[in-house]
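User: Could you walk me through this structure in a few questions and answers? I would like to start with the overall picture and then move to the details.

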Amino acid sequence: MKGDFSRVSFDPRHHFSQVLLQQGRVTLDADPNEQGAILLHYLRTMALDLFGPYAAPAMAPGFALSLAEGNGGLALHIDAGRYYVQGVLCESEGCDYLDQPHFIPADGKDGEEDPLRRWLGATNRDGARFWVYLKVWERHVTSVEMPHLREVALGGPDTCSRSQVVWQVRALDVAGIDKTLQGQLEALKKALAQTIDKAEMARLQARMDELQADLSLLHETPDRACAVPLRVFDREPPLMNLRLQPPERLDDPCITDPELAYRGAENHLYRIEIHRGSGEGAPSFKWSRDNGSVVTRWVSGGGKRLRVANTRGFVDAQWVELSDEQDDLLGRPGSLCRLASVEGDELVLATEAPRTRGATSKVRRWDQQEREDVRLDAGAVPLRPSSGLAEDWIDLEDGVQVRFDLTREYRTGDYWHVAVRTTGETSWALDADGEPVARAPHGTEFHYAPLGFVGLLETGAPGVSTPCGCVVKPARVCGAQVLQPKPPLDNVRTDAVVADTKTVTKTIRKKKDG
């Protein structure tokens, strides 16, 4: 989350249950934020234990699919209600597949058309079948994305930001799923042929057997293979390591003690984020010493001169990212541009902006710079060091260095953060020997759930097959009944209550005697 936070302190490995404030102490943003994270962790873990990976509550099941005749084709309706995916609550008010709150399937005007959208609008539909699924994650929103978060009664101060659950109903062609899984199977076979480690061979063989069984299920009984396409999203988690590299000893008293390793004069929350993923060429990353929190709205203008809402935090020669709401919701990187200067309420770019301003456009500052040992690629830092050696570390600044596992797959938006202090301490995990440990991204974490299949039925008519739906009933259904209110005890005569009690007692005795 790209917020102006001092640090992100929640760690489930500590098993904390509560944050306790103490009198007379300084309170930082990290404390109430951690309390919220602890509670959310408890609630979502409990929901996951009760509902399983994905399910709808019987009281208000949501996201059921249905086809109906629409304007110029078929319309796929998504029912209102609730659905839990990996413990995350998703709420739908009901909508059309082509008009979702956080996802509009591509119409082909700017790139490839969404395949299900094309099929729904076709006059003569082919025999393609589509697996429809729910994609869920959380995003960070501020007053830049949602101006109504400001309190206008106090002059519009920017106070707290929000974490928002985003869900999207999407579709994949079953034929494309089969092709992707076949490719995964071939990759496993290749990896098995190249390894000599027995434990690794056993692991790869087990994965191959599972994948082969799932492919057979997808071919023979596709309607029962609801969860099989989820393997499309499988990947070995990408890894990044971070360390503080001690510099050579310097005698200048104006420079922070080099024994501290971190040579910065201020405390920072560094954010390292993948800009271009592995599937888009050579992967690259961008980084910020302030968690990417310096952002402003792009109000007007274009070309080289952008008028923005606030230029605070922007200076000459920095790299900025131009993006909008659709980039956030579709997981696309924005456009990186270099600032030439800052003039009043305008940001002047060194080159023409590669995009035009939209209603939700914004400008975000990043802090990577090209140096002798760091070469940028379209404004971002390649994951592979300039030396070309995978074991070499990449310098950020002031002794902070990172290194990536180049054998893993990286996706746009994967990010890591680390709090670095002038005391030489960091929030990065260390092993028993005090060495930094490579770890998976802190986010963004996506969750998926199958909803059903759309395509031609055996009758030849288009329809929806929904064997994937999972509904969980409450342990007790008493609350589902509409109970008549009982009169208060003050309005009931005492002798009537006593008489009723005597009658019940006599009935019980008769049953025992009988």
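User: Happy to begin broadly: how many helices and strands are there in the protein chain?

Analyst: Glad to help! This is a predicted model, in which local features need pLDDT of at least 70, side-chain atom pairs count only at pLDDT 80 or more, and totals for chains, interfaces and linings use all residues. Residues are numbered from 1 along each chain as its sequence is written, and side-chain values use heavy atoms, with hydrogens and water left out. Helices (H or I, at least four residues) and strands (E, at least two) are DSSP runs numbered from the N terminus. On that basis the protein chain has six helices and 24 strands.

User: What percentage of the residues in the protein chain is buried?

Analyst: Buried means under 20% relative accessible area, exposed means over 50%, and partly exposed lies in between, with a 1.4 Å probe and protein chains only. Of the 514 residues in the protein chain, the buried share is 37%.

User: Among contacts between residues at least 6 apart in sequence, what share joins residues at least 24 apart?

Analyst: A contact here means heavy atoms within 4.5 Å. Among the contacts in the protein chain that link residues at least 6 apart in sequence, the share joining residues at least 24 apart is 64%.

User: Which elements give two or more residues to the lining of the largest cavity?

Analyst: On a 1 Å grid over the protein atoms alone, a cavity is a set of points where a 1.4 Å probe fits but cannot get out, and lining residues have an atom within 4 Å of a point. The structure holds one cavity of 30 Å³ or more, and about 50 Å³ of space lies in the largest cavity, where a volume is the space filled by probe spheres set on grid points joined across faces, edges and corners. Its lining is made by Gln184, Leu188, Arg207, Leu211, Arg231 and Asp234. The elements that give two or more residues to this lining are helix H3 (174–194) and helix H4 (198–220).

User: And the second largest pocket: which element gives the most to its lining?

Analyst: A pocket is an open set of grid points with protein on both sides within 12 Å along at least five of seven lines. The second largest pocket has a volume of about 510 Å³, and of the 15 residues that line it, the closest to its centre are Arg207, Arg235, Glu236, Thr407 and Glu409. Arg207 also lines the largest cavity. With four residues, the element that gives the most to the pocket lining is H3.

User: How many residues of that pocket lining are charged?

Analyst: Asp, Glu, Lys and Arg count as charged, Ala, Val, Leu, Ile, Met, Phe, Trp, Tyr, Cys and Pro as nonpolar, and the others, Gly among them, as polar. The lining of the second largest pocket has four nonpolar and three polar residues, and its charged residues number eight.

User: Which strands stand at the edges of the open sheet of four strands?

Analyst: Two strands pair if DSSP finds at least two bridges between them. The open sheet has the order S18-S11-S10-S21, with antiparallel pairing. Each edge strand has a single partner strand, so one side of each is left without a neighbour in the sheet: these are strand S18 (381–382) and strand S21 (415–420).

User: Is Glu273 buried or exposed?

Analyst: Glu273 lies in strand S10, which is joined to S21 by six bridges. Leaving aside neighbours within four places in sequence, Glu273 is in contact with Lys2, Phe285, Lys286, Trp366, Gly413, Asp414 and Tyr415. At 6% relative accessibility, Glu273 counts as buried.

User: Which residues of S14 are buried on the side opposite Trp319, Glu321 and Ser323?

Analyst: Five of the five residues of strand S14 (residues 319–323) are buried, so S14 is largely enclosed by the rest of the structure. S14 pairs in the antiparallel sense with strand S15 (residues 335–343) over four bridges and with strand S17 (residues 362–366) over five. In a regular strand the side chains alternate between the two faces of the sheet. Both faces of S14 are covered, with Trp319, Glu321 and Ser323 buried on one side and, on the other, Val320 and Leu322.

User: Last one: which residue in S17 stands opposite Val320?

Analyst: S14 and S17 run antiparallel. Across this pairing, the residue standing opposite Val320 is Arg365.
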